[in-house]
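Hi,

Here is the model I said I would pass on. Have a look at it first, and my notes follow underneath.

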Amino acid sequence: QVYLAESGGGLVQTGGSLRLSCAASGDTISGYPMGWFRNPPGKEREFVAAISRTATYKYYASAVKGRFTIARDIPKNMGYLQMDNLKPEDTALYYCAVVRTTDNNDSVYVGDVDYSYWGQGTQVTVST
């Protein structure tokens, strides 16, 4: 069992930056891919970014590419999402998630159906 806790959300103005953190406890996540999703107000949950188990491969939604950076610190069981040049449309509840796999691949996952563990979410609000 893996438990995830996000932090780092807040209120920023357009063009500002935030760094979200995801702390994992329980079982180690060193062998698991990670990802970030978000839930904008009035919209369904959407994919943001993903990182492979070794951190070699990363993938971003087109809406955030060039502005967001996903990373992980494997020995610390931590994940991160650096968000720069924030826009009002980035306003959402942001979730960290982990894929539970037995495969030895180094894939990234973009579908929320692939993720087994989820954090409680951290709110990001970008004002005009």
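A quick definition to start: I say a charge sits over a ring if NZ of Lys or CZ of Arg is within 6 Å of the ring centre and within 35 degrees of the ring normal. By that rule, the charged end of Lys 65 sits over the ring of Tyr 59, 5.9 Å from its centre. Arg 45 also lies over a ring face, that of Trp 118, at 4.1 Å from the ring centre.

Before the rest, the ground rules. This is a predicted model, so I asked for pLDDT of at least 70 for local features and counted side-chain atom pairs only at pLDDT 80 or more, while totals for chains, interfaces and linings use all residues. Residues are numbered from 1 along each chain as its sequence is written, and side-chain values use heavy atoms, with hydrogens and water left out.

Two more terms come up throughout. Strands (E, at least two residues) and helices (H or I, at least four) are DSSP runs numbered from the N terminus. Buried means under 20% relative accessible area, exposed over 50%, and partly exposed in between (1.4 Å probe, protein chains only).

The disulfide

Taking a disulfide as a pair of cysteine sulfur atoms within 2.5 Å, the count comes to one. The partners are Cys 22 and Cys 96, with their sulfur atoms 2.1 Å apart. The link is left-handed, with -75° about the S-S bond. Cys 22 is in strand E3 (residues 18-26) and Cys 96 in strand E9 (residues 92-98), so the bond ties together parts 74 residues apart in sequence. Cys 22 is buried at 0% relative accessibility, and Cys 96 is buried at 0% too.

The aromatic rings

For rings of Phe, Tyr and Trp (its six-membered ring), a pair needs centres within 6.5 Å; planes under 30 degrees apart are stacked, over 60 edge-to-face, and the rest tilted. The whole structure has six aromatic pairs. One of them is Phe 37 with Trp 118, a tilted pair at 5.1 Å centre to centre and 50° between the planes. This pair links distant parts of the chain, as Phe 37 is in strand E4 (residues 34-39) and Trp 118 in strand E10 (residues 117-118), 81 residues apart. Phe 37 is buried at 2% relative accessibility, whereas Trp 118 is partly exposed at 25%. Ring pairs also join Phe 37 and Trp 118 with Phe 47, Tyr 59, Tyr 95 and Tyr 115 into a cluster.

The salt bridges

My cut-off for a salt bridge is a side-chain nitrogen of Lys or Arg within 4 Å of a carboxyl oxygen of Asp or Glu. There are four in the whole structure, and these three are worth opening in your viewer:

- Glu 46 with Arg 38, where the closest N and O atoms are 2.6 Å apart. Glu 46 is partly exposed at 28%, while Arg 38 is buried at 4%.
- Asp 112 with Arg 45, at 3.4 Å from N to O. Asp 112 comes from the loop between E9 and E10 and Arg 45 from the loop between E4 and strand E5 (46-51), so parts 67 residues apart in sequence are tied together.
- Arg 67 with Asp 90, where the closest N and O atoms are 2.7 Å apart. Arg 67 is in the loop between E6 and E7 and Asp 90 in the loop between E8 and E9, so this pair ties together parts 23 residues apart. Arg 67 is buried at 8%, and Asp 90 is buried at 1%.

Arg 38, Glu 46, Arg 67 and Asp 90 are linked in a network of salt bridges.

Arg 72 and Asp 90

So what does a buried arginine do without a salt bridge? Arg 72, in strand E7, is such a case: the nearest side chain of opposite charge (Lys and Arg count as positive, Asp and Glu as negative, His and the chain ends not at all) is Asp 106, 7.2 Å away. Its side chain reaches the backbone oxygen of Ser 52 at 3.1 Å, and the backbone oxygen of Ile 29 lies 2.9 Å from one of the polar atoms of the Arg 72 side chain. I count a polar contact as a pair of N or O atoms within 3.5 Å; within protein, one must be able to donate a hydrogen and the other to accept it, and residues adjacent in sequence count only if both atoms are side-chain atoms. Asp 90 has a backbone partner as well, with the backbone nitrogen of Lys 87 lying 2.8 Å from a polar atom of the Asp 90 side chain.

Finally, an exposed position: Ser 62, at 70% relative accessibility, lies in the loop between strand E6 (58-60) and strand E7 (68-73).

Cheers
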